Protein chains: 2
Amino acid sequence: MDKLRSHIQQRLTEHGIKPSLQRIAVLEYLVTHATHPTVDTIFSDLYPSIPTLSKATVYNTLKLLVQCGAVNMITIDEKNARYDACTTPHMHFRCRKCGAILDIEQELPVTLGLPRGTVVESSQTYCYGVCAECNKQDITLH
Amino acid sequence: MDKLRSHIQQRLTEHGIKPSLQRIAVLEYLVTHATHPTVDTIFSDLYPSIPTLSKATVYNTLKLLVQCGAVNMITIDEKNARYDACTTPHMHFRCRKCGAILDIEQELPVTLGLPRGTVVESSQTYCYGVCAECNKQDITLH
DNA sequence: AATTAAAATTAAAATCATTCTAAATAAATG
DNA sequence: CATTTATTTAGAATGATTTTAATTTTAATT
């Protein structure tokens, strides 16, 4: 599994980020967990293997990764910022029952009606509803 | 201007909300200010005319309005929740220079690739970039 | 109209995510 | 090796939002 590790390091370097132990750990976590985790989840999951880790470092690292374009922050959840290492265009869906956040194939939004001269640099589409799993359970429980 | 007021009251009632002075004021503010204001802005702007107003009431009222579907909360701004009385589908654009949030005609997102059984109830699309005004100023300053 | 009950509003305290600060550690450079 | 610079860290500070408990307003009932 050192191919992953070197790929992570490369990705950091490509974005102008010096690959420290902590930064590698955070980015690797995001790459291997497409669950759009919160800062807290990332911290708790990494803490056992890096017992000196500070939550401030997770915050710092994520801010840096976002600034450099290495990962995306998504605001689909009003309570906590969530992070996504997949930077190719796609939408997100959040289930209001279980809270899971899923990826959806992107239909690039057509930004009609913006004043001439507006420059759109990025976009995020968030969908809300109930996931298939939770709908399945509802039927079963009946 | 009492046509507006009665329209606001009706809209509250239609959504099962008892139209108190404060609730009318908050909804009327949102209807007449399509600026996607924050709680703080709403409070500061209403305070002079309702000097007994509490920020908690603004929070309570907005939460109620959102729960009842009378207004939308948008999370285009990571720092503060923003509110929008226009509930017909449209997208939002935020300028990273001046912070303005503008409406954009909606292209309904096509949610491909979601597992069979998923129910999408609503969606929000946020676009980020630089608005026409700010781009104009950049050219002039050069 | 007075009394009571229920709902809404309020100010202040509590909470919680995030940022800041200043010290400690690690890495890079002369 | 010494020194500067960058990174990490723990804890304090901040700021948005929620909670609490008291007060006021509204509605219902006598």
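**View 1. Helices of both chains at the surface near DNA strand C.** In this predicted model, the surface near DNA strand C draws at least two residues from each of three helices, namely helix H4 (55-67) of chain A, helix H2 (21-32) of chain B and helix H4 (55-67) of chain B. DNA strand C is surrounded by 17 residues, and the closest are A:Tyr59, B:Ser20, B:Gln22, B:Thr52 and B:Thr57. Sorted by class, the residues of this surface comprise five nonpolar, seven polar and five charged.

**View 2. Polar side chains of chain B at the phosphates of DNA strand C.** Which parts of DNA strand C supply the atoms within 4 Å of the protein? Sugar or phosphate accounts for 83% of these atoms, while the rest belong to bases. In the side chain of B:Ser20, an N or O atom is 2.4 Å from a phosphate oxygen of DNA strand C. For B:Thr57, the distance from a polar side-chain atom to a phosphate oxygen of this strand is 2.6 Å, and for a polar side-chain atom of B:Gln22 the corresponding value is 2.9 Å.

**View 3. The surroundings of DNA strand D.** Around DNA strand D there are 17 residues, of which the closest are A:Ser20, A:Gln22, A:Thr52, A:Thr57 and B:Tyr59. Of the atoms of DNA strand D that come within 4 Å of the protein, 83% are from sugar and phosphate. Both chains take part in polar contacts here: an N or O atom in the side chain of A:Arg23 is 3.0 Å from a phosphate oxygen of DNA strand D, and a polar side-chain atom of B:Tyr59 lies 2.8 Å from a phosphate oxygen of this strand. At A:Ser54, by contrast, a polar backbone atom is the partner, 3.3 Å from a phosphate oxygen of DNA strand D. Two or more residues of the surface near DNA strand D come from each of H2 and H4 of chain A and H4 of chain B. Its residues divide by class into five nonpolar, seven polar and five charged.

**View 4. The relation between the two protein chains.** Chain B is superposed on chain A by a rotation of 180° with 0.0 Å of shift along the axis, and the RMSD is 0.0 Å. The two copies are therefore related as by a two-fold rotation axis. Within chain B, the C-alpha nearest this axis belongs to B:Thr125, at 2.1 Å. Because 100% of the interface residues of chain B are also interface residues in chain A, the copies meet through the same surface.

**View 5. Helix H2 of chain A and its covering elements.** Helix H2 (residues 21-32) of chain A has twelve residues, which at 1.5 Å a residue should span 16 Å, and this agrees with the 16 Å between its end C-alpha atoms. The buried residues of this helix are A:Ile24, A:Ala25, A:Val26, A:Leu27, A:Glu28, A:Tyr29 and A:Leu30. Among the elements of chain A that cover them are helix H1 (2-14), helix H3 (39-46), H4 and strand E2 (82-84).

**View 6. The loop residue B:Ala85 and its contacts.** B:Ala85 is placed in the loop between strand E2 (82-84) and strand E3 (90-95) of chain B. Is this residue buried or exposed? B:Ala85 has 8% relative accessibility and therefore counts as buried, the limit being under 20%. Leaving aside residues up to four places away in sequence, B:Ala85 touches B:Arg11, B:Leu30, B:Val31, B:Ala70 and B:Val71. Although 56 residues separate B:Ala85 from B:Tyr29 in sequence, their C-alpha atoms are 9.0 Å apart in space.

Terms used. Residues numbered from 1 in each chain as written. Chains lettered and ligands numbered in written order. Predicted model: local features only at pLDDT ≥ 70, side-chain atom pairs only at ≥ 80, totals over all residues. Heavy atoms only, no water. Near = heavy atom within 4 Å. Polar contact = N/O pair within 3.5 Å; in protein donor to acceptor, adjacent residues only side chain to side chain. Helix = DSSP H or I, 4+ residues; strand = E, 2+ residues; numbered from the N terminus. Nonpolar A, V, L, I, M, F, W, Y, C, P; charged D, E, K, R; others polar. Least-squares fit on C-alpha atoms with pLDDT ≥ 70 in both. Contact = heavy atoms within 4.5 Å. Expected span 1.5 Å × (residues − 1). Buried < 20%, exposed > 50% of the residue type's maximum accessible area, 1.4 Å probe, protein only.
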